[in-house]
Amino acid sequence: MGNLTLKSVSKSFGQVNVLKGIDLEVKDGEFVIFVGPSGCGKSTLLRSIAGLEDITSGQIVIDGKEVSAVPPAKRGIAMVFQSYALYPHLTVRDNMGLGLKQAGTPKAEIESRVQEASALLSLDPYLERRPAELSGGQRQRVAIGRAIVREPQLFLFDEPLSNLDAALRVQTRLEIARLHRRLKATMIYVTHDQVEAMTLADKIVVLNAGRVEQVGSPMELYNRPDNLFVAGFIGSPQ
Ligand code: ADP
Ligand code: MG
């Protein structure tokens, strides 16, 4: 569970070719970071994996099954966005449980999963609050909690920390690393932040204009970047 294969994935919006044949292998439990300049297609790629965009051609295979006909809710994927997209009128508890409720999960099961996730994220004291009564970091933790309760095999994070200040970014990054160790799920994570990329990743995928420039461990990319573009992103002086 939690294996993902992309085979020549392409996506166009009208005449604009945004993803140009992405091939990638992600193994169960891996922490994979996508980096690349703004507009290179990172969010489009995550949304395609999640099923929020239909790809133009290619294949997305999760645990051996091609998923183009599988609706987003059935792909075993949870996505955490930069903007938390919490419901302002619902409590933290209800924000975290809403997806399960809509999926028809029994109430007792929802309660126990929300309890577990809030303990994992130190959110217990805030369960009855509404999003407006939380800090940015707490809101992002609720958004992560909402993903965890669905017990996905695959987490997709789209620049989840970019709205947080520096100290909170460090704290939340450590929390995500801890979650990865605890849950042993596959995580794919888009970031602009080199420190996040170097510290979280088993594997970094450098994207450029809809193509994969290079894939490797942080140290491989740092020590042996294929070209100046990769070196520029990973920070090794060449
Ligand atoms: P990134 O996340 O790497 O910054 P995106 O995946 O958001 O890049 O966008 C890649 C390109 O696709 C951009 O040129 C963007 O304008 C375009 N794009 C994204 N979504 C749409 C859409 N729904 N309709 C048209 N163009 C889009
Ligand atoms: Mg983006």
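I began with ligand 1 and asked which elements each supply at least two residues of the shell around it; these are strand S2 (16–26) and helix H1 (42–50). Between them, H1 takes the largest share of that shell, with three residues.

I kept in mind that this is a predicted model, and looked up its scores before going further: the chain has a mean pLDDT of 93, with 98% of its residues at 70 or more, while ipTM stands at 0.98 and pTM at 0.93.

Next I listed the residues around ligand 1, and found Phe13, Val16 and Val18, then Gly36, and then the run Ser38, Gly39, Cys40, Gly41, Lys42, Ser43 and Thr44. I sorted this shell by residue character and noted six polar residues, four nonpolar ones and one that is charged.

Since S2 had already come up as a supplier of residues to the shell around ligand 1, I turned to the sheet that holds this strand. I found an open sheet of four strands, ordered S2-S1-S4-S5, in which the pairing is antiparallel. I then checked which strands lie at the edges, and these are S2 and strand S5 (65–66), each of which pairs on one side only.

Finally I followed the pairing of S2 with strand S1 (residues 4–13), which is antiparallel and runs over eight bridges. I also looked up the bridge partner that Ser12 has in S2, and recorded Asn17. My picture at the end is of S2 as an edge strand of the sheet that also supplies at least two residues to the shell around ligand 1.

Definitions and conventions. Residues numbered from 1 in each chain as written. Chains lettered and ligands numbered in written order. Predicted model: local features only at pLDDT ≥ 70, side-chain atom pairs only at ≥ 80, totals over all residues. Near = placed C-beta within 6 Å. Nonpolar A, V, L, I, M, F, W, Y, C, P; charged D, E, K, R; others polar. Pairing = 2+ DSSP bridges. pLDDT = per-residue confidence, 0-100.
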